[in-house]
Amino acid sequence: MDREAAVIRWGLCCQFLDSPIKFRTATHRYVASLRSRVARRYLADISRHNAQALIQAVERCHQLGIGAFRITSQILPLATHPESGYTLEQLDPSGEVEATLHLVADLADQLDVRLSFHPDQFVVLNSERETVVRSAVQELELQAGIAEMIGADVIVLHAGGMGGGTSAALERLERGLPLLSSTARERLALENDDRCFTPRDLLPLCERTGVPLVYDVHHHRCLADGLTVEEATARSSATWGDREPYAHLSSPRDGWSSSNTRAHADYIDPADFPDAWLGRTMTVDVEAKAKERAVLAVMASVGHPEQSEGWRSK
DNA sequence: GCATGTCAAGTTGTG
DNA sequence: CACAACTTGACATGC
């Protein structure tokens with residue numbers, strides 16, 4: 001009978017610092033200045049480049065012992081833009097990009113690199129404005145489609161705005177869930193943020209709907225709710241059922257006693273790694289500006305806590 | 001080559 | 001009321 005040892009799966013967010021792997025982006029203003037055939041070729045180039053970069057990213061993570069990778073929302077830049085937008089079929093009629101994305105799925109599976117998405121702040125499923133909700137659904141569906149192709153099992157979303165108060169906002173969020181396809185809905189996870197929604201706010205919704213909670217301990221420390229880190233860890237982990245729980249870790253750039261504790265530091269201060277996470281099996285995305293260097297550093301320091309004395313990011 | 005100004009989107013909180 | 005802060009670069013352009 002083999003029983004897997006409890007272990008943290010460390011995750012890198014979106015980009016590399018030292019490794020020569022770059023994801024390209026595009027701006028609407030520039031694309032709009034091109035003739036349509038040129039624009040399509042330009043965007044097709046970028047999507048081919050980014051799909052290849054994703055293969056390299058998965059390989060590089062594996063080489064470094066990094067077990068998770070968050071994919072940039074710009075992987076297919078402007079895909080959902082009202083004017084410059086496109087479908088993968090239009091952009092890539094030969095299916096080359098799609099074939100590469102299927103290779104990513106095989107590779108990530110083989111190398112055991114967990115892939116996720118994290119739509120950015122413009123994606124607000126609980127907005128009071130209908131048009132905003134519609135574009136949020138559109139963006140989530142796009143990312144879900146890519147997620148399905150590459151085998152990403154998580155799309156992490158902030159709960160959104162607070163218009164009308166916390167309970168009204170949470171109700172709107174819950175009403176937004178059925179607007180999603182099963183592909184998107186099955187991958188959706190919510191994250192506590194540092195301004196509006198705490199774990200205590202979100203856990204009941206997560207427990208009731210089956211949408212798991214990604215526990216961001218830095219946000220929780222910025223916006224406390226009476227739950228201890230231990231309690232929030234246990235309850236959020238439980239929302240993942242049989243799946244591996246997901247959490248976020250970062251350190252404040254200017255320290256915990258500064259006026260701005262929200263900005264992220266280059267590295268993780270080992271003191272910020274919660275004791276409650278020791279001995280757990282979970283994925284921890286490292287949100288730090290020094291990217292893979294920071295992931296490797298925190299892996300080493302948590303693995304050898306006796307050596308972390310006096311260790312500082314700056 | 002290198003510096004510069006600009007970039008789709010929402011929401012909150014500060015000045 | 002206007003604007004920065006979030007994830008923060010990366011891009012094309014102009015010198």
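Q: Of the atoms of DNA strand B within 4 Å of the protein, what percentage belong to sugar or phosphate?
A: In this predicted model, sugar or phosphate accounts for 54% of those atoms, and bases make up the rest.

Q: What makes T27, H28, R29, S127 and M162 stand out among the residues around DNA strand B?
A: Of the 18 residues around the strand, these five come nearest. The surface near DNA strand B divides into seven nonpolar, eight polar and three charged residues.

Q: Why is the approach of S127 to a phosphate oxygen of DNA strand B called a polar contact?
A: A polar side-chain atom of S127 lies 2.7 Å from the phosphate oxygen. The limit for a pair of N or O atoms is 3.5 Å, so the pair qualifies as a polar contact. By the same limit M162 qualifies, because one of its polar backbone atoms is 2.4 Å from a phosphate oxygen of the strand. For H81, an N or O atom of the side chain is 3.1 Å from a sugar or linking oxygen of DNA strand B, and therefore this pair also falls within 3.5 Å.

Q: Why is the pair of F23 and F69 called stacked?
A: The structure holds seven aromatic pairs. In the pair of F23 and F69, the ring centres are 6.2 Å apart and the planes meet at 25°. The cut-offs are centres within 6.5 Å and planes under 30 degrees apart, so the pair is stacked. F23 lies in the loop between β1 and α1 and F69 in strand β2, so the pair ties together parts 46 residues apart in sequence. Both F23 and F69 are buried.

Q: What makes the pair of Y30 and Y42 edge-to-face?
A: Their ring centres are 5.2 Å apart and their planes stand at 70°; an angle over 60 degrees counts as edge-to-face, so the pair takes that name. Y30 belongs to helix α1 and Y42 to helix α2, 12 residues apart.

Q: Why do Y30 and Y42 count as partly exposed?
A: Relative accessibility is 40% for Y30 and 22% for Y42. Partly exposed lies between under 20% and over 50%, so both residues belong there.

Q: How do you know that A224 is exposed?
A: Its relative accessible area is 61%, and because exposed means over 50%, A224 meets the criterion. A224 lies in the loop between α9 and α10.

Q: Which element gives the largest share of the lining of the largest cavity?
A: Helix α10 does, with three residues. The cavity has a volume of about 40 Å³, and its lining divides into six nonpolar, three polar and no charged residues.

Key: Residues are numbered from 1 along each chain as its sequence is written. Chains are lettered from A and ligands numbered from 1 in the order in which they are written. This is a predicted model: local features need pLDDT of at least 70, side-chain atom pairs count only at pLDDT 80 or more; totals for chains, interfaces and linings use all residues. Side-chain values use heavy atoms; hydrogens and water are left out. A residue is near a molecule or strand if one of its heavy atoms lies within 4 Å of it. A polar contact is a pair of N or O atoms within 3.5 Å; within protein, one must be able to donate a hydrogen and the other to accept it, and residues adjacent in sequence count only if both atoms are side-chain atoms. Ala, Val, Leu, Ile, Met, Phe, Trp, Tyr, Cys and Pro count as nonpolar, Asp, Glu, Lys and Arg as charged, and the others, Gly among them, as polar. On a 1 Å grid over the protein atoms alone, a cavity is a set of points where a 1.4 Å probe fits but cannot get out, and a pocket is an open set with protein on both sides within 12 Å along at least five of seven lines; lining residues have an atom within 4 Å of a point. Grid points are joined across faces, edges and corners, and a volume is the space filled by probe spheres set on the points. Helices (H or I, at least four residues) and strands (E, at least two) are DSSP runs, numbered from the N terminus. Buried means under 20% relative accessible area, exposed over 50%, partly exposed in between (1.4 Å probe, protein chains only). Rings of Phe, Tyr and Trp (its six-membered ring) pair if their centres lie within 6.5 Å; planes under 30 degrees apart count as stacked, over 60 as edge-to-face and the rest as tilted.
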